[in-house]
Amino acid sequence: MSAVAKVALVLVPTGMLGAGIQRAHVLRGIELGAHAIALDAGSTDSGPSYLARGVSKMNRESVKRDLEILMSAALTANIPLLVGTCGTCGTDAMVNWTRDIALEVASDLKVTPKIACLYSEQRASELVKRNRAGQVSPLPPLGAIDDAVLESCTHIVALMGPEPYVTALRSGAQIILGGRTTDTAVLAAMPLLMGADPAAAWHAAKVAECGGQCTVNPRQGGVLMRVDQQGFEIEPLDSDNRATPESVSAHMLYESSDPQRLTEPGGVLDVSNATYMQINERVTRVTGSVWEPMPYTMKLEGARAGYFQTIMIMGIEDPEVLANLDAFHDTLHRGLVKRIEATFDTTAVFFDVSLRFYGWNGTSGRPVPVGTAPPRDVGVMFVVTAPTQELANQMAKACNPHFFHMPLHLNKELPSYAFPFTPAEIPRGQVYEFLLNHVVHTRDGHELVRVDWFETAIPPESASHG
């Protein structure tokens with residue numbers, strides 16, 4: 001593979017492995033000359049549960065289906081397949097989980113691809129040492145991290161840059177399965193290897209990270225990114241879809257605190273002077289991005305399990321209550337808290353009760369503007385949090401009569417609100433939380449990454465990797 005190429009073409013079939021891929025779109029990208037297929041498989045969008053538990057959000061069947069399409073096409077075309085943040089959270093176990101599915105697909109296809117597995121899960125004990133040496137820095141709004149917090153995390157991952165992927169490609173990997181990686185790094189790796197402009201590679205990767213999200217019709221397949229020495233182009237894989245300057249530039253707003261500057265491992269992408277131009281009906285070209293190198297850091301993500309929750313749900317159509325929802329919320333919440341305090345020894349036990357009025361302010365939690373018309377009905381979710389599931393369950397049971405029969409005015413007859421399930425109390429399990437918003441300083445992109453190679457179609461015994 002040439003170290004310098006005029007154009008690097010990367011096929012991005014979807015924003016997440018397992019979300020669904022159309023074989024025709026993948027074959028179209030290969031017909032257009034793709035040098036690699038690259039995509040993300042992870043996210044923190046769905047909260048800390050997946051990292052804390054070290055499991056995948058996507059089901060195995062969907063991941064296998066997508067891998068079958070991608071591996072078949074990539075191996076037939078003799079181009080590499082790169083997958084970042086395997087198994088949603090990118091822990092070592094989830095890299096191995098994805099590897100075993102890939103090896104199962106390889107067995108079905110009767111092929112033995114050369115697979116590189118990149119691991120970026122970190123030991124808390126090692127990070128404690130680095131923290132004490134001043135090599136862990138907080139990101140706003142957090143402050144310095146305490147050793148006990150690091151040690152309380154059930155899983156910690158460091159977000160990889162493109163360097164381990166580039167090295168694996170140079171070593172002949174046909175399939176690369178990565179642990180936690182920035183969404184952009186897995187897409188930028190091939191263009192960077194082929195000598196494309198770094199700013200263009202990073203910017204193209206940012207735009208294409210969610211597949212067709214940067215197109216006019218996001219549900220109509222992925223995209224092909226063409227990256228060269230001056231800029232890049234985005235072309236949808238579906239012939240009826242379009243990428244416009246608006247749809248392409250808008251993706252810099254996605255998950256970005258600053259739409260002009262994006263911090264990545266080893267540098268900052270500055271797009272403040274970028275130019276977006278429609279070069280034909282379906283393709284947009286971008287030039288003018290700038291890459292600013294900086295000392296190498298890797299963002300840390302850590303999570304743990306906490307207390308337990310039980311929920312109850314009801315619906316309200318009472319016109320008088322609906323016309324006074326804020327007052328009803330306060331009355332109901334006070335009554336539920338008093339009920340728990342009167343029933344349990346809360347002086348020695350933490351608990352929390354929250355009420356979420358969906359159809360009013362249950363999503364945002366913000367006050368509703370004065371003068372807003374009452375809704376036709378609302379759904380109310382009761383949530384109690386306690387140190388054990390049994391205690392949360394018992395607190396919900398104690399609150400049950402008050403929750404479903406609390407009048408707006410206490411001197412009124414008791415109402416009955418609608419409840420969809422019986423038993424009404426629904427154990428939700430443990431509550432999970434993210435603990436880290438920090439970076440670890442490293443020599444380069446390889447220091448905290450480990451690599452294993454596999455060339456067999458028979459899944460090996462799962463190994464433990466830090």
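In this predicted model, helices α3 and α4 are oblique to each other, because the angle between them is neither under 35 degrees nor over 145, and it also falls outside the range of 65 to 115. The crossing angle itself is roughly 55°, and the two axes come within 9 Å. Here α3 spans residues 60-77, while α4 spans residues 92-109. Viewed for its handedness, this crossing is right-handed.

It is helpful to look at who meets whom. From α3, the contact takes in Arg60, Val63, Lys64, Leu67, Glu68, Met71 and Ser72. Their partners in α4 are Trp97, Thr98, Asp100, Ile101, Ala102, Glu104, Val105, Ala106, Asp108 and Leu109. Sorted by character, the residues of this contact comprise 9 nonpolar, 6 charged and 2 polar ones.

Helix α3 also has a part in the surroundings of another helix, α1, as the buried residues of α1 pack against α3 along with the strands β1 (8-12), β2 (36-42) and β8 (223-227). Helix α1 covers residues 23-31, and its buried residues are His25, Val26 and Gly29. These residues lie on the same side of α1, because the arc they cover around the axis is only 100°. What does the face turned away from the buried side of α1 carry? That face holds the exposed residues Ala24 and Glu31. Just beyond the end of α1 comes Gly33, whose phi is positive, at about 105°.

Conventions
Residues are numbered from 1 along each chain as its sequence is written. This is a predicted model: local features need pLDDT of at least 70, side-chain atom pairs count only at pLDDT 80 or more; totals for chains, interfaces and linings use all residues. Side-chain values use heavy atoms; hydrogens and water are left out. Axes are lines fitted to C-alpha atoms, for helices over the stretch in contact, and angles run from 0 to 180 degrees between N-to-C directions. Helices (H or I, at least four residues) and strands (E, at least two) are DSSP runs, numbered from the N terminus. A crossing is left-handed if the near helix is turned anticlockwise from the far one by less than a right angle, and right-handed if clockwise. Contact means heavy atoms within 4.5 Å. Ala, Val, Leu, Ile, Met, Phe, Trp, Tyr, Cys and Pro count as nonpolar, Asp, Glu, Lys and Arg as charged, and the others, Gly among them, as polar. Buried means under 20% relative accessible area, exposed over 50%, partly exposed in between (1.4 Å probe, protein chains only). The arc is that of the directions from the helix axis to the C-beta atoms.
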